[in-house]
Amino acid sequence: ARRGLWTAMSALPLPPASVLRWVVPLFAVLACLPWLVEPYQTTLFSYGLVMAIAALGFNLLLGYTGLLSFGHSAYFGVGAYAVALLVKYLKVTSLEILVVGGIIASALVSALFGFVCVRYTKIFFGILTMALSQVLWSLAYKFFWVTGGSDGLRVPTPSLLGTHIARGEDKMTYLAHRYYYYVLLIFAVCTALMWVIVHSPFGKALQAIRDIETRAEFVGVQVPHYRWVAFVVSGTYTGVAGALWVPLNGLTTPDILHWTFSGEIVFFTVLGGFGTFTGPIVGAIVFNYLKTFAVGYTVYWQMFLGVVLVTLVLALPTGIMGMVGRLLQSRRKAPAS
């Protein structure tokens, strides 16, 4: 387990002791973002932060536990639909209550699915997670009188800490300022919590399972239990992202439950570098901007985006932050040589 932790920490772009040196200035810049760029750009960055939360959760399963899931769209969708259903049928307008509802719903579904899935590994695990997500996707279509079917459910902008959009205030301005800070705060909390998780004894055990499962069992690690807990935490993180995504988008449809959306989560995690802590965060934000640019650039945006992403992955096999880590490491070694 210690060797697994050391491997993970050595893969970080910066030593753990110097993390605060760049985290604090970075969040100071992010706090000033709404005053530096247009509201649309701030809102677009909010989308990236939301996806980064989902990537953090997914990376706990892939990067630290060694399990590749193709069904994380299920938990993102459950979080989103939980918010939409609370708004439509219970008339809830408080975002705090909506986020809690999304957390509870995604935690329950991921606990149930995880109980079934963690009994398997490798390709069997991936196929099973994808199959379960497709079940939810089908249900969202079939129960159209509840979920709205292909039309989806609309979600008006909720209140934040008891405050609504002021009279005469533009919705884009509201999203680019108050809602952005709300998302940024939750992102900061989720990032700090995930940092604690992966560097705790629990995180060390997960890395030991990932590296040498048999040896982890010999030293007393209950592998199925640890995998299940990691699965639930991972799914809950993704559900939080789904709950925050709905007010930004204003509409939730069954498309976010489809396995292709799970593929996007896998892709931007790999793009950023799932062997690092910060890689999935960077990958999610970069992917969000690439997708937005591709959609606005050509009607063949899927082909364009696919070519660009495949090229990036081939050029950067360890991801964006993996490359940054190697560059920083070579720079530190340069004076000695």
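This report covers salt bridges, helix packing, a nonpolar patch and selected residues in a predicted model.

Residues are numbered from 1 along each chain as its sequence is written, and side-chain values use heavy atoms, with hydrogens and water left out. Because the model is predicted, local features need pLDDT of at least 70 and side-chain atom pairs count only at pLDDT 80 or more, while totals for chains, interfaces and linings use all residues.

**Salt bridges**

How many salt bridges does the structure hold? There are 2. The term means a side-chain nitrogen of Lys or Arg within 4 Å of a carboxyl oxygen of Asp or Glu. Side chains of opposite charge can pair when their charged atoms come close.

One bridge joins R210 and D211, with the closest N and O atoms 3.0 Å apart. R210 counts as partly exposed because its relative accessibility is 26%. D211 is also partly exposed, at 32%. Here buried means under 20% relative accessible area, exposed means over 50%, and partly exposed lies in between (1.4 Å probe, protein chains only).

The other bridge links the side chains of E264 and K291, at 3.0 Å from N to O. E264 sits in helix α12 (residues 259-272) and K291 in helix α13 (residues 279-297), so this pair ties together parts that are 27 residues apart in sequence. K291 has 25% relative accessibility and therefore counts as partly exposed. Helices are DSSP runs (H or I, at least four residues), numbered from the N terminus.

**Helix packing around α13**

α13 packs against α12 and also against α14. The axes of α12 and α13 are 7 Å apart, at an angle of about 115°. Axes are lines fitted to C-alpha atoms, for helices over the stretch in contact, and angles run from 0 to 180 degrees between N-to-C directions. The α12 and α13 crossing is right-handed. Right-handed means that the near helix is turned clockwise from the far one by less than a right angle.

On the α12 side, the contact uses E264, F268, T269, L271 and G272. On the α13 side, G279, P280, G283, A284, V286, F287 and K291 take part. Contact means heavy atoms within 4.5 Å. The salt-bridge partners E264 and K291 are thus both in this interface list.

α13 and helix α14 (residues 301-315) have axes that come within 8 Å and cross at roughly 145°. This crossing is right-handed too. α13 supplies F287, L290, K291, F293, A294, V295 and Y297. α14 supplies W301, F304, L305, V308, L309 and L312.

**Nonpolar surface patch**

Y89, L90, V135, L139, F143, F144, W145 and V146 make a nonpolar surface patch of about 790 Å². Patch residues have over 30% relative accessible area and no salt bridge; like charges are joined within 9 Å, and nonpolar side chains (Val, Leu, Ile, Met, Phe, Trp, Tyr) within 5 Å. Accessible areas come from the Shrake-Rupley method with a 1.4 Å probe; for residues, only the protein chains shown count as cover.

Which helices each supply at least two residues of the patch? They are α4 (73-90), α6 (122-142) and α7 (144-147). α7 gives the most, with 3 residues. V146 lies in α7. V146 counts as partly exposed, at 30% relative accessibility.

**Selected residues**

The table gives accessibility for four residues.

| Residue | Relative accessibility | Class |
|---|---|---|
| I53 | 0% | buried |
| G77 | 0% | buried |
| T191 | 15% | buried |
| K91 | 62% | exposed |

I53 is found in helix α3 (residues 39-62). Beyond its neighbours within four places in sequence, I53 is in contact with I186, F187, C190, Y237, V240, A241 and L244. L244 is 191 residues from I53 in sequence, yet their C-alpha atoms are 9.8 Å apart.

T191 lies in helix α8 (residues 171-198). Not counting residues up to four places away in sequence, T191 touches L56, F277 and I281.

G77 belongs to helix α4. With residues up to four places away left out, G77 touches I256 and L257. The C-alpha atoms of G77 and A28 are separated by 32 Å, with the two positions 49 residues apart along the chain.

K91 is in the loop between α4 and α5 (95-117). Most residues other than glycine have a negative phi. K91 is not a glycine, but has a positive phi of about 60°.
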